[in-house]
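User: I am new to this structure. Please take one helix and look at it closely, then show me what else deserves a visit.

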Amino acid sequence: MRQNTSSQRASLPFQCFHTCTSPGMSSDKAVNAVLFVRGANHSRLKISIVNFSQNEDHRNPMTYTGSCFGIHRFEAPLVADKSQNLLTYYFKIALTDKEGNVTDVVWYSSLGMSREPPLMQHCYALELFNTHPQWAIDSIVYQIFPDKFASSSGTFNVDGTKVETDAPIKTKDFEFVNLDETHCGGDLDGVAAMLPYIRGLGCDTIYMTPIFKAPSVHKFDTEDYDMVDPHFGGNGALKRLRTVALGYEMKIILHGTFNHTGDTHPWFDRQERTGKGALRHKDSPYREYYTFTSEGEAYVSDDKANYPKLDYSSYQTCYSIFGGSNSVVRKWTRPPYGIDGWVIDDASQIGDNGNARNNLERLSQICQAARETHLDCLMLGQFGSDPRYAICNEGNVDGTINYTGFLSPLRSFFGGINLNGDPTPYTGDDLRRSCEEFSVGVSQQVKLCLLNQLDNYKLPRFYDIIGGDKYLYLAALACLFTWRGIPCVYQGDELGDVIAKFDVGPRDMLPFKAMKDRHVSVNSNDVQSVITELAALRRSNSSFSKGSMIFICAGGAYFGFIRLYDTRFSIVLVNASRQQVKVEQGSALFPLLAATYMPEDCGSDDTEDSGEDLLIPLSGRNVRRYDHGEGLEGLYEMLAREKLSVHSYGATRTSPEFEEKFLKELTAGKTMTIPPRSTVVVSNNKK
């Protein structure tokens, strides 16, 4: 359970604001870069945009195009380097005296203000041509661990005992059974029968953990890439699931264990079933699929002897996994299976000669093979560490399971426990810093393809780590659906209090009949309704699926951010403490007000210069010592005329009274009050 801490937000009035999607640029149209500045007279500012072409920086002066309510707009065309798709750039800001002499210089990048020109990896990044599947950014995913999700027979079967699923399942009844090593009867036909339920929750994509034949329950130890495990119904079951999914306009993503096989795979054959496995036969036709030490020991993945690592320096390995016309990657992305995406397991480990040598090249080849077979195939990686070396590489994975930029900081903030189970008191400032630093240098298009989760198959349930707090749980779900990237609900997340009451772990059987009928518990029904509502809210506002994300406040137990895209926006405020939090607005909404209400034909600001110098600390994004938000009153008046809706999730629920009170305070431009253990979402409504 996290600590109830609080700290003041450090904010300063001189501000610059730029975003890759709004205004001036969108993911499908690159025209001008627009930079907004407030806090100094425009006549004293000389601003240039600096972008990299042929790996050299090129400076282009920005033109002052008008001011409104103390906000100045500067614009310049983005000069593209046609030799590459990724455009990187930053801004140079010079302050001059009344005679035009430069008196101070700073640089502004996605890392913030600095006294030195930023490194290339700290620049703003934009893909000139969006190569990522557009269906993905609008999708809402439901992840499935097939053996424990749903059975076509209507019941699970544990060691010959039928387990009914029309009520919560008591895991303690199986205390003498290791459910992690027991097949319980979940299958793909059961998944197909549950698609109407998943669609009803608001999810339009299913992502399944490995389904290919393997001796284990989890199927990460693949025995045959060409066969769906018989426990799950075989290849025919996947064909039937594909057919049903098409009827509900749903996508299917599979988990690919391409870094290693299981030791029962005929290529390796530890058990000597074929007499020609690579482990015991140096003349085996599959010997080059793996790497062996001089003592004859195979290189393995994750220090597991039953996970022999594939060697991609071998032509035969490449041909079997992605190169051949009937290779693993191509076979399952073609009809009649026609899956829509892969999550590449242990993506950072894939490589040559028993290690990760040529990792980027091998990942690119796997992705290219999938895209050649299915143009709109979504390729995600599961990385054990920082994935930016791959996701920022052209032609590589579209995104990743977002451990660093969402799952880890959110679990630490709400639960005070990191992914390794260590106590980690985490403030809103910690979360903001962690998420902002992760996104530095990553293109906007890739950020939208990151898969966000609160739970998955190998972590303790999120509901448990927050101490079973029903209100915090709803507040966290609201974060999941409003965050930048693709929201992913893990199976059972909708169970609510049943998770703690019946000790439902990440790989335990689910009462799928009761879930489908919404008869699990009163709280579970409430959670299901909230997920459905959040899915609809996300789809009603394009800023959630396509927009930039800018943090506007952060403290001990709270944080807030804005999502911006074109004329759509949303303000999200999160408070995990048991007390309400009042946030001084000051210029917190400056990015929103500038991006949304700055008129294209605004005039010049000829007010007298205040004479203040540009004093930018190395660690800050803003400049002066105080933040009064002065000069923004007129823009707040325009915000007051907007048609806004307010939703609250957690201890404070949405009501007309709360909406009226919150909007009145918001448009007054003084403070924003975040209720305890709640997430407040404010969206503008435009047809």
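Analyst: The answer starts with helix α4 and then moves on to another helix, some backbone details and the open spaces.

Keep in mind that this is a predicted model.

Helix α4 runs over residues 234-247. That makes 14 residues. From its first C-alpha to its last, α4 reaches 21 Å. At 1.5 Å a residue, 20 Å would be expected, and the helix comes close to that.

Which residues of α4 are buried? They are Gly234, Ala237, Leu238, Leu241, Arg242 and Ala245. These residues cover an arc of only 145° around the axis, so they sit on the same side of α4. Here, buried means under 20% relative accessible area.

Now turn to the other face. Away from the buried side, α4 carries the exposed residues Thr243, Leu246 and Gly247.

What covers the buried residues of α4? The cover includes the helices α2 (188-193), α3 (195-201) and α6 (328-333). Strands take part too: β16 (205-208), β18 (224-228) and β19 (251-256) are included.

After α4 comes glutamate 249. Its phi is positive, near 55°.

Two other residues also have a positive phi. Asparagine 353 is not a glycine, yet its phi is about 60°. Look for asparagine 353 in the loop between β20 and α7 (359-373). It is partly exposed, with a relative accessible area of 32%. Arginine 518 is not a glycine either, and its positive phi is also about 60°. Its loop runs between α15 (512-517) and α16 (522-540). Arginine 518 is partly exposed, at a relative accessible area of 28%.

Helix α6, part of the cover over α4, leads to another backbone detail. Proline 336 lies in the loop between α6 and β20 (341-344). A cis peptide bond joins proline 335 to proline 336. Omega there is about 10°.

Next, set helix α13 beside α4. Helix α13 spans residues 470-482, which is 13 residues. It reaches 19 Å from first C-alpha to last, close to the expected 18 Å. How many of its residues are buried? The count is 11 of 13, and α13 is mostly covered. Leu472, Tyr473 and Leu474 are among the buried residues. The list continues with Ala475, Ala476, Leu477 and Ala478. It ends with Cys479, Leu480, Phe481 and Thr482.

Finally, the spaces. The second largest pocket holds about 710 Å³. It is lined by 30 residues. Closest to its centre are Asp346, Gln382, Tyr403, Tyr457 and Lys458. By class, this lining has 12 nonpolar, 10 polar and 8 charged residues.

Cavities are a separate matter. A search of the whole structure finds 2 cavities of 30 Å³ or more. The largest cavity has a volume of about 170 Å³. Its lining has 18 residues. Which of them lie nearest the centre of the largest cavity? They are Glu127, Ile391, Asn393, Glu394 and Gly395. The lining of the largest cavity divides into 6 nonpolar, 8 polar and 4 charged residues.

Key: Residues are numbered from 1 along each chain as its sequence is written. This is a predicted model: local features need pLDDT of at least 70, side-chain atom pairs count only at pLDDT 80 or more; totals for chains, interfaces and linings use all residues. Side-chain values use heavy atoms; hydrogens and water are left out. Helices (H or I, at least four residues) and strands (E, at least two) are DSSP runs, numbered from the N terminus. The expected span of a helix is 1.5 Å times one less than its number of residues. Buried means under 20% relative accessible area, exposed over 50%, partly exposed in between (1.4 Å probe, protein chains only). The arc is that of the directions from the helix axis to the C-beta atoms. Contact means heavy atoms within 4.5 Å. On a 1 Å grid over the protein atoms alone, a cavity is a set of points where a 1.4 Å probe fits but cannot get out, and a pocket is an open set with protein on both sides within 12 Å along at least five of seven lines; lining residues have an atom within 4 Å of a point. Grid points are joined across faces, edges and corners, and a volume is the space filled by probe spheres set on the points. Ala, Val, Leu, Ile, Met, Phe, Trp, Tyr, Cys and Pro count as nonpolar, Asp, Glu, Lys and Arg as charged, and the others, Gly among them, as polar.
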